[in-house]
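This report describes how selected helices and individual residues are placed and packed in a predicted model. The sequence and structure are shown first.

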Amino acid sequence: MSTTGATADPLAALGMLPTVAESVESMRKAVDRVYGHRVMRRRSNEITGEAALRGARGSAALSGADWALEEVRRRTDFSGDAEARTMGAALRLSAEAGQLLSIWRQSPLRVLARLHLVAAASNGDEVGRPRQQGEPVDEPLVELPLPGAAEVSARLDGLADLIIAGGSAPALVTAAVVHGELLALRPFASRNGLVARTAERIVLIGSGLDPKSVCPAEVGHAELGRAAYLAALDGYVSGTPEGMAAWIAHCGRAVELGARESAAVCEALQRGAA
């Protein structure tokens, strides 16, 4: 993981970059609009449930299972082909995210292990732990060079230290760095994209930015498209301030689009159409 300078709070330095500051401000306004909607005062649980479903659909789309929302609602069996299993994993992770908030700040690596266990739904030896040297990784949509096991271990420890220490960085910056680092490392044998996007959501909820989990960034990432997602990730992996800022801005735009989606759900509920 790269930062823009050696400070006591390295993520805060990223938050001070002008493009990042603009992204944070724009995202906060979008989030505030959802939370200020009158429907949220009476039916927030419905909005949260709908956001979880739509977020899972968006995350699965980025991992190769691009299903229509109504198909996700209709299906009850997700154990069939590879796309169905991917969708099932995304839905399980979406349901699990809110249960892990109290553990995240004390033991983020434990949470990541749990997320992989939930996503993989397997008893294999490789499940729920970082991959060992020489173990293959099933993440065909991310084609970046794969770091070795020793580098993965060291960078995961560094990421955990940053999360546990806290700091003054905006929630968006921390969430984007967690997301980008997990995608860059692909620490597990499978389902790394799904886990990374769930971890991003956990940060956004746990930070207090989106406590009711009604602004699913996964929706926005899917709407922006896989090509833009991977191009922005290249910026993160470059480690340059400009590349990092571009990735954080991309994540901020994704949260905005997720907030816009939930605002549309609020409007539909208000009209009695959903």
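## Two buried histidines

His179 has a relative accessibility of 0% and therefore counts as buried, the limit for that class being under 20%. The residue belongs to helix α9, which covers residues 171-185. Apart from residues up to four places away in sequence, His179 touches Ala196, Arg197, Glu200, His221, Tyr229, Trp247 and Cys251.

His116 is likewise buried, with a relative accessible area of 0%. Its place is in helix α7, residues 108-120. When neighbours within four places in sequence are left aside, the contacts of His116 are Glu126, Val127, Gly128, Phe188, Ala189, Ser190, Arg191 and Val195.

## Helix α5 and its packing on α3

Helix α5 (residues 82-97) and helix α3 (residues 38-62) have axes that come within 8 Å and cross at roughly 140°. At that angle α3 is oblique to α5, and the crossing of the two is right-handed. On the α3 side the contact is made by Ala52, Leu53, Ala56, Arg57 and Ala60, and on the α5 side by Thr86, Met87, Ala90, Leu91 and Ser94. These residues divide into seven nonpolar, two polar and one charged.

Several of the α5 contact residues are spaced three or four places apart, as with Thr86, Ala90 and Ser94. An α-helix has 3.6 residues a turn, so residues three or four places apart point the same way.

The length of α5 agrees with expectation: its 16 residues should span 22 Å at 1.5 Å a residue, and its end C-alpha atoms are 23 Å apart. The buried residues of α5 are Ala84, Thr86, Met87, Gly88, Ala89, Ala90, Leu93, Ser94, Glu96 and Ala97. They pack against α3, α4 (69-74), α6 (101-104), α7 and α10 (192-206); among these partners, α7 is the helix that holds His116.

## Helix α8 against α9

Helix α9, the location of His179, also packs with helix α8 (residues 149-165) at an angle of about 170°, the axes lying 11 Å apart. That angle makes α8 roughly antiparallel to α9. From α8, the contact is made by Val152, Arg155, Leu156, Leu159 and Ile163, and from α9 by Val177, Val178, Glu181, Leu182, Ala184 and Leu185. By class, the contact holds nine nonpolar residues, no polar residues and two charged residues.

## Helix α11 against α13

Helix α11 (residues 217-224) packs with helix α13 (residues 241-271) at an angle of about 110°, and their axes are 6 Å apart. The two helices are therefore roughly perpendicular to each other. In α11 the residues involved are Ala217, Val219, Gly220, His221, Glu223 and Leu224; they meet His250, Cys251, Arg253, Ala254, Val255, Leu257, Gly258, Arg260 and Glu261 in α13. The contact has seven nonpolar, four polar and four charged residues.

This contact shares residues with the surroundings of His179: His221 and Cys251 take part in the meeting of α11 and α13, and both are also touched by His179.

## Further buried residues

Arg186 lies in the loop between α9 and α10. Its relative accessible area is 2%, so Arg186 is buried. Beyond its neighbours within four places in sequence, Arg186 is in contact with Arg131, Val137, Glu139, Val142, Leu144, Pro145, Leu146, Pro147 and Asn192. The C-alpha atoms of Arg186 and Met87 of α5 are separated by 19 Å, with their positions 99 residues apart along the chain.

Val24 is found in helix α2 (residues 18-35), and its relative accessibility of 6% counts as buried. Neighbours within four places in sequence aside, Val24 is in contact with Pro170 and Leu172. Between Val24 and Val137, 113 residues apart along the chain, the C-alpha separation is 33 Å.

Ile205 is found in helix α10 and counts as buried at 8% relative accessibility. It touches Leu101, Asp210, Pro211 and Ser213, not counting residues up to four places away in sequence. Ile205 and Asp138 are 67 residues apart in sequence and 28 Å apart in space, C-alpha to C-alpha.

Definitions and conventions:
Residues are numbered from 1 along each chain as its sequence is written. This is a predicted model: local features need pLDDT of at least 70, side-chain atom pairs count only at pLDDT 80 or more; totals for chains, interfaces and linings use all residues. Side-chain values use heavy atoms; hydrogens and water are left out. Buried means under 20% relative accessible area, exposed over 50%, partly exposed in between (1.4 Å probe, protein chains only). Contact means heavy atoms within 4.5 Å. Axes are lines fitted to C-alpha atoms, for helices over the stretch in contact, and angles run from 0 to 180 degrees between N-to-C directions. Angles under 35 degrees count as roughly parallel, over 145 as roughly antiparallel, 65 to 115 as roughly perpendicular and the rest as oblique. A crossing is left-handed if the near helix is turned anticlockwise from the far one by less than a right angle, and right-handed if clockwise. Ala, Val, Leu, Ile, Met, Phe, Trp, Tyr, Cys and Pro count as nonpolar, Asp, Glu, Lys and Arg as charged, and the others, Gly among them, as polar. The expected span of a helix is 1.5 Å times one less than its number of residues.
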